[in-house]
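Here are my notes on the model you sent over. I've kept them as numbered points, so just reply by number.

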Amino acid sequence: DDEFLIVENDRSAAPLEKLPLIFVLDNIRSAFNVGSIFRTAECLGAEKVLLCGYTPLPTQWKVEKTAMGTQEYMEWEEAGKLFECLESLKEDGYRLIALETAASAEDLYSDFSDEPTAFILGNERFGLDPEILKLIDEVRIVPLRGRKNSLNVGVTAAVAGFEWMRQWRARK
């Protein structure tokens with residue numbers, strides 16, 4: 001049984017370099033989903049998490065429980081209204097990518113451009129407003145083969161984030 005080393009302790013040092021990747025959460029209902037996204041973002045070494053609308057804050061115990069302490073290491077902010085948040089990100093040079101189940105969405109595994117990126121995730125039931133999608137640079141969808149047409153928003157953030165990081169690392 002000693003052939004496998006199980007890592008039980010977290011690293012004490014912060015990542016050497018943050019990825020130019022931001023997660024923007026709009027009107028996410030579930031605090032547990034928000035905590036899951038915080039944990040994913042921190043594990044990726046993402047730059048920041050922006051919280052719009054009525055998305056629960058990481059100061060809420062349900063978010064803290066699922067984030068497992070990562071909310072203490074992740075830069076985050078309440079970003080207010082989504083439209084203004086996205087306009088600001090565009091001005092700062094971020095490529096805005098909605099993760100949405102739109103019929104015209106591009107496959108998640110297509111090549112990402114080599115520029116700072118913001119993934120935008122909407123409400124678990126209603127997604128993103130069509131007016132918001134007009135401001136977005138592109139819409140991506142996780143290709144699925146089962147009957148259900150979507151994944152949990154926290155799972156989607158993880159799948160997209162790790163695919164983006166895989167491509168980013170391959171270019172470096």
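1. Does E163 count as buried or exposed? This is a predicted model, so read everything below with that in mind. E163 counts as buried, because its relative accessibility is 7% and the cut-off for buried is under 20%. The residue sits in helix α5. For a charged side chain, have a look at what surrounds it: there is a polar contact of 2.8 Å between the side chains of E163 and R166, and another of 2.7 Å from the side chain of E163 to that of Q167. Once neighbours within four places in sequence are set aside, E163 is in contact with L108, Y109 and F112.

2. Staying on helix α5, take A157. A157 is buried, with a relative accessible area of 0%. Not counting residues up to four places away in sequence, A157 touches F23, I37, T40 and L121. If you want a distance to check in your viewer, A157 and I136 are 21 residues apart along the chain, with their C-alpha atoms 17 Å apart.

3. Next, the largest nonpolar core. This core has 30 residues, and the ones touching the most other members are L21, F23, L25, V49 and F119. Two or more residues each come from β1, α1, β2 (46-52), α2, β4 (95-99), β6 (117-121) and α5. Apart from this core lies another, with 19 residues, including I22, A105, I132 and L135. As background, nonpolar side chains in soluble globular proteins tend to be buried together.

4. Which residues does F23 contact, leaving aside its neighbours within four places in sequence? The list runs to I37, A41, L44, A46, K48, V49, L50, F119, L121, A157 and G161. V49 and F119 are also named with F23 among the core members that touch the most others. The A157 contact ties back to point 2, where F23 turned up on the list for A157.

5. N33 is another one to click on. The residue is found in helix α1 and counts as buried, because its relative accessibility is 10%, with the line drawn at under 20%. Its side chain makes a polar contact of 2.9 Å with the side chain of E124. Neighbours within four places in sequence aside, N33 is in contact with I28, E124, N152, V153 and G154.

6. What about the backbone? Two residues other than glycine have positive phi values that I'd like you to look at: N27, at about 50°, and M68, near 55°. N27 is in the loop between β1 (19-26) and α1 (31-44). M68 belongs to the loop between α2 (61-67) and β3 (76-80). M68 is exposed, because its relative accessible area is 54% and exposed means over 50%.

7. G53 links up with the previous point, since N27 is one of the residues that G53 touches; the others are D26 and G80, not counting residues up to four places away in sequence. G53 is in the loop between β2 and α2. With a relative accessible area of 53%, G53 is exposed. Across the chain, G53 and N123 are 70 residues apart, and their C-alpha atoms are separated by 9.9 Å.

8. D114 is in the loop between β5 (106-107) and β6. Its side chain makes a polar contact with the side chain of R171, at 3.4 Å. Leaving aside neighbours within four places in sequence, D114 is in contact with W168, R171 and K172. From D114 to E47 is 67 residues in sequence and 16 Å in space, C-alpha to C-alpha.

9. Last, the second largest pocket, in case you're thinking about grids. Its volume is about 360 Å³. How many residues line this pocket, and which lie nearest its centre? There are 20 lining residues, with E100, T101, S150, L151 and T156 nearest the centre. The elements giving two or more residues to the lining are β7 (138-141) and α5 (153-171). By class, the lining has 8 nonpolar, 8 polar and 4 charged residues.

Technical notes: Residues are numbered from 1 along each chain as its sequence is written. This is a predicted model: local features need pLDDT of at least 70, side-chain atom pairs count only at pLDDT 80 or more; totals for chains, interfaces and linings use all residues. Side-chain values use heavy atoms; hydrogens and water are left out. On a 1 Å grid over the protein atoms alone, a cavity is a set of points where a 1.4 Å probe fits but cannot get out, and a pocket is an open set with protein on both sides within 12 Å along at least five of seven lines; lining residues have an atom within 4 Å of a point. Grid points are joined across faces, edges and corners, and a volume is the space filled by probe spheres set on the points. Helices (H or I, at least four residues) and strands (E, at least two) are DSSP runs, numbered from the N terminus. Ala, Val, Leu, Ile, Met, Phe, Trp, Tyr, Cys and Pro count as nonpolar, Asp, Glu, Lys and Arg as charged, and the others, Gly among them, as polar. Buried means under 20% relative accessible area, exposed over 50%, partly exposed in between (1.4 Å probe, protein chains only). A nonpolar core is a set of buried Ala, Val, Leu, Ile, Met, Phe, Trp, Tyr and Cys residues joined through side-chain atoms within 4.5 Å. Contact means heavy atoms within 4.5 Å. A polar contact is a pair of N or O atoms within 3.5 Å; within protein, one must be able to donate a hydrogen and the other to accept it, and residues adjacent in sequence count only if both atoms are side-chain atoms.
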